[in-house]
Amino acid sequence: MRISPFELERLQSLHEHQVEINLAESGVEPLRVSDLLGPHAGNALLDQPLAYTQTNGTAELRAAVAATLPGAADSEVLVNSGGAEANFVACWRLIEPGDEVVVMQPNYGQVAGLAEGFGAIVRPWCLRKQRTGSTLRWAPDLDELRALVSDRTRLVAICNPNNPTGARLTEAEVAVVCELAGRHGAWVLSDEIYRGVEHDGVETPTVWGRTERVIVTGGLSKAYGLPGLRIGWAVSTEDMTASLWSRRDYTTIAPGALGDLLARYALAPGRRRALLERARRITAGNLRIIGDWLDAHESELSWVPPEAGAMAFIRYSHDIGSTALATRLREAEGVLIVPGDHCGLDGHLRIGIGGRPDQLREGLARLDRVLASLPHRMRIPTTDS
Ligand SMILES: Cc1ncc(COP(=O)(O)O)c(C=O)c1O
């Protein structure tokens, strides 16, 4: 199997711990163990045997994950080593050479890259900026989806809320995705790892429970601020979950014992609510900072304010590709951001809004210096993509 480099992850792997200011992160500021466990941190961790745990996740953790989706049961949950492994195992299980896989774009590149690697034909389904009255959003084109999904489609992969745009599909749109896939016997793979960080507090509609053939993936790395735990999950029918579990025997076997323990703490009902509130509080403050900064750059930058997640996806008008711009920012100013072309859409920059406000302010000031040194191409319209 030949597989293209996963550019976004490569960029982060190479640079995130080398730069002065990392604005490439897509989740909220990570917690410390003591933030999660409080004064009992020492005992709980010290008493945990460093054994293999139940390999599909402890029953308690699977029940806690199931409780995040309406009507899900713990037997339908597989705990993975990060959301990335959940997506990997789902793609590995479902995709055969020659299958068609419809993938929402722009997006986190994992599913499209894997699908191509497994020999599928990838059909991009693009979100587009759309203005309705005073509302501007990244909207899905459902007619385009109708034209893309056929009996050859194995999988429709969405990321909801979306990375990098922060767009959130409506209940009606999610229903259409499931109905179309179901009509053609295709699976829906819905990466819902950003669910819970909605800026208006209205939870993103899940695909769970709408059709038999769904796999919901998620995890603790983004909304919960716990990427170092490496805990993610896939939720599907009992049969599919069992099948994913048997594939997982070939990858990482089991979650880390400490990760499973701390994940149980994080997903206990009161704590889960508090963690998601924390994420909304952090991103709300940073949204104001980046919104003010964009107001001062109206003629050269634009955005569709994200509905959810911890990223802002910004359109720029300067005469330079996004990788070249991000490289210049990193090399000249020590700031890491994600170029739009690493998410499938050049002419944009993805800037993390889940971190410390002082770092965001300083990173934007440094980006200002780089932008000021560049020629302009055009004034930018607000509804193109
Ligand atoms: C949409 C999406 N899914 C999955 C992942 C991977 O998550 P994890 O760190 O839990 O493996 C990421 C990481 O950026 C992501 O953005």
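**Exercise 1. The ligand site**

Task: In this predicted model, find which atom of Gly83 lies 2.8 Å from an oxygen atom of the ligand, and then describe the shell around the ligand.

Solution:
1. Start at Gly83: a polar atom of its backbone is 2.8 Å from a ligand oxygen.
2. Go on to the side chains. Asp191 places a polar side-chain atom 2.6 Å from a nitrogen atom of the ligand. Arg230 has a polar side-chain atom 2.8 Å from a ligand oxygen.
3. Consider how far the ligand is covered. Alone, the ligand would expose 390 Å², and the protein buries 95% of that.
4. List the surroundings. The shell holds 14 residues, and the closest are Gly83, Asp191, Tyr194, Ser221 and Lys222.
5. Sort the shell by residue type: five are nonpolar, six polar and three charged.
6. Ask which element gives the most to this shell. Helix α5 (residues 82-94) does, with four residues.

**Exercise 2. Glu198**

Task: Decide whether Glu198 is buried or exposed, and name its contacts away from its sequence neighbours.

Solution:
1. Locate the residue: Glu198 sits in the loop that joins β7 (187-191) to β8 (214-219).
2. Apply the cut-off. Glu198 has a relative accessible area of 1%, so it counts as buried, the limit being under 20%.
3. Set aside neighbours within four places in sequence. The contacts of Glu198 are then Pro161, Arg168, Glu203, Thr204, Arg280, Glu307 and Ala308.
4. Check a distance to β8 (214-219) using Val216. The C-alpha atoms of Glu198 and Val216 are 18 Å apart, with the two positions 18 residues apart in sequence numbering.

**Exercise 3. Thr153**

Task: Find what lies 2.8 Å from a polar side-chain atom of Thr153, and state which residues Thr153 touches.

Solution:
1. Place the residue: Thr153 belongs to strand β6 (residues 153-159).
2. Read its cover. The relative accessible area of Thr153 is 3%, and therefore Thr153 is buried.
3. Identify the polar partner: the backbone nitrogen of Ser150, 2.8 Å from a polar atom of the Thr153 side chain.
4. Leave out residues up to four places away in sequence. Thr153 then touches Glu100, Val102, Leu148, His184 and Ala186.

**Exercise 4. Helix α10**

Task: Work out how many residues of helix α10 (residues 257-267) are buried and what they pack against.

Solution:
1. Count: nine of the eleven residues of α10 are buried, and the helix is mostly covered.
2. Name some of them. Among the buried residues are Asp260 and Arg264, along with Leu261, Leu262 and Leu267.
3. Find the partners: the buried residues pack against α2 (33-37), α3 (41-47), α4 (59-66), β9 (232-235) and α11 (269-295).

Notes
Residues are numbered from 1 along each chain as its sequence is written. This is a predicted model: local features need pLDDT of at least 70, side-chain atom pairs count only at pLDDT 80 or more; totals for chains, interfaces and linings use all residues. Side-chain values use heavy atoms; hydrogens and water are left out. Helices (H or I, at least four residues) and strands (E, at least two) are DSSP runs, numbered from the N terminus. Buried means under 20% relative accessible area, exposed over 50%, partly exposed in between (1.4 Å probe, protein chains only). Contact means heavy atoms within 4.5 Å. A residue is near a molecule or strand if one of its heavy atoms lies within 4 Å of it. A polar contact is a pair of N or O atoms within 3.5 Å; within protein, one must be able to donate a hydrogen and the other to accept it, and residues adjacent in sequence count only if both atoms are side-chain atoms. Accessible areas come from the Shrake-Rupley method with a 1.4 Å probe; for residues, only the protein chains shown count as cover. Ala, Val, Leu, Ile, Met, Phe, Trp, Tyr, Cys and Pro count as nonpolar, Asp, Glu, Lys and Arg as charged, and the others, Gly among them, as polar.
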